[in-house]
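This report describes a protein together with DNA, for a reader who is new to structural models. Please keep the sequence and the structure in view while reading.

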2 protein chains.
Amino acid sequence: MVAPTRARQARSIETRARLLAAARAVIAEAGIEGAAVDAIAERAGRTSGSLYGQFGSKAGLVVALLDESLDVVAERMLVDIEAATDLDGRLAALWRNFVAPPPTAQDWLRVEHEVWLWATRPGNDEVRARLAERYRARFAALGEALAGWAAEGLIDPAAPVDRLAALVVSTLLGLEMADRLEPGGMDEPTVVAALAALLGRR
Amino acid sequence: MVAPTRARQARSIETRARLLAAARAVIAEAGIEGAAVDAIAERAGRTSGSLYGQFGSKAGLVVALLDESLDVVAERMLVDIEAATDLDGRLAALWRNFVAPPPTAQDWLRVEHEVWLWATRPGNDEVRARLAERYRARFAALGEALAGWAAEGLIDPAAPVDRLAALVVSTLLGLEMADRLEPGGMDEPTVVAALAALLGRR
DNA sequence: GTCTATAGATTGATAGAC
DNA sequence: GTCTATCAATCTATAGAC
């Protein structure tokens, strides 16, 4: 029989997706250590048993979440960057897409922040290595886009472009925290000006 | 009798200091949720009972740690800034003092990062408000120093100085994470150049 | 103010049925 | 692959002696 197997597979895939989405939401609220596996499973409409079947452990779930989150955030950044026409528009889009809208609960950047801090704790060395590796790849891609900006004559970077990309992402994470500490405390013009200065606006 | 009371007070003060130092170390290693009160008390050479006697709860301890940490970090920043003679020297000192030396375990900035993330979680609103208030005061002080730089003609800031201070501290926190993810990945010249660009070097 | 002892709740993870 | 049931470990916090 093939059909029942297919149906099983489909349900398994959906379970995985639901657990990842639930983990993102719960971790954004409570942090990684504060997110109980039962709470995650319950929000996903499953039980903790299925979580262990899918990911083996809580750490395994977090790593899977890390992989997914990194891809999504990186792709969104690139889309934002290429959609806008001028430098200010591009930088504003970058900022707005990740920090501004708390109603739709854009938990992506927040979760990335939690995972980053978690991965850099002593003892999580394998995870940190994996995360560092993935970030290198992301910085390279973002660096290419920035090289394009430089070719267009929009910016005049002082540092190598891939290092510049690391600088931009780090700054965004820091600014995201400042904005969360005091919502609205970081207004868009200030952020855009800061990023433009970092990139060496022409 | 007065002497025994004095001795009691002295021991109480020492207990408080030891618990705070132990909390800093354990939280830097394991995060806030991952730091067990027994582990903190044990490292301080006390028991969890004394912790509750001093701080009432684990959250109370973290808040006390937050207050102390904020003061120390802020004062160090100002000292660094005023010790150096030129702009690059000042910015390099800022960076070096907090991120570079992991042997002596400068856990301050790391703990501040953990606390910041913790305080901005939903449900910790009172703590977040307190932290935001304290940061406002710190940013004002750091802003004054930056205003001095501007008066000296070292920088030409695009944003108001207190907002600029928030920008600098946020960026430092972001860069600290990048450096921790890949130690040495953020070299000092790049960081100094980034901060100088942010401040509007003349 | 600090200790010992312990309560009471919650945690991550496993075993076995289906 | 998912569920039910459950274990052992760990956690925060409290009570009472000193």
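## Contacts with DNA strand C

In the side chain of Tyr52(A), an N or O atom lies 2.9 Å from a phosphate oxygen of DNA strand C. This is a polar contact, a term for a pair of N or O atoms within 3.5 Å; within protein, one atom must be able to donate a hydrogen and the other to accept it, and residues adjacent in sequence count only if both atoms are side-chain atoms. The backbone takes part as well: an N or O atom of the Val37(A) backbone is 2.9 Å from a phosphate oxygen of the strand, and a polar backbone atom of Arg11(B) is 3.3 Å from one.

The model is predicted: local features need pLDDT of at least 70, side-chain atom pairs count only at pLDDT 80 or more, and totals for chains, interfaces and linings use all residues. Residues are numbered from 1 along each chain as its sequence is written, chains are lettered from A and ligands numbered from 1 in the order in which they are written, and side-chain values use heavy atoms, with hydrogens and water left out.

## The surface near strand C

A residue is near a strand if one of its heavy atoms lies within 4 Å of it. DNA strand C has 14 residues around it, and those that come nearest are Tyr52(A), Lys58(A), Thr15(B), Thr47(B) and Gln54(B). Of the strand's atoms within 4 Å of the protein, sugar and phosphate account for 82%.

By class, this surface has 4 nonpolar, 7 polar and 3 charged residues. Here Ala, Val, Leu, Ile, Met, Phe, Trp, Tyr, Cys and Pro count as nonpolar, Asp, Glu, Lys and Arg as charged, and the others, Gly among them, as polar.

## Contacts with DNA strand D

Around DNA strand D there are 15 residues, of which Thr15(A), Thr47(A), Gln54(A), Tyr52(B) and Lys58(B) are the closest. Sugar or phosphate supplies 79% of the strand's atoms within 4 Å of the protein, and bases supply the rest.

Three side chains of chain A have a polar atom close to a phosphate oxygen of DNA strand D: Thr15(A) at 2.5 Å, Thr47(A) at 2.8 Å and Gln54(A) at 2.7 Å. Two or more residues of the surface near this strand come from each of α1 (3-30) and α3 (48-55) of chain A and α2 (37-43) of chain B. Helices are DSSP runs (H or I, at least four residues), as are strands (E, at least two), numbered from the N terminus. The surface near DNA strand D divides into 4 nonpolar, 7 polar and 4 charged residues.

## The two chains together

Chain A has 9 helices and 0 strands. Between chain B and chain A, the contact (heavy atoms within 4.5 Å) takes 39 residues from each chain.

The buried area is about 3600 Å², and carbon and sulfur atoms give 67% of it. Buried area is the accessible area (1.4 Å probe) that two parts lose on being put together, summed over both. Leu117(B), Met177(B) and Leu181(B) supply 19% of what chain B buries against chain A, more than any other three residues.

## A helix pair in chain B

In α6(B), Glu112(B), Val115(B), Trp116(B), Trp118(B) and Ala119(B) meet Val127(B), Arg128(B), Leu131(B), Tyr135(B) and Arg138(B) in α7(B). The residues of this contact comprise 7 nonpolar, no polar and 3 charged.
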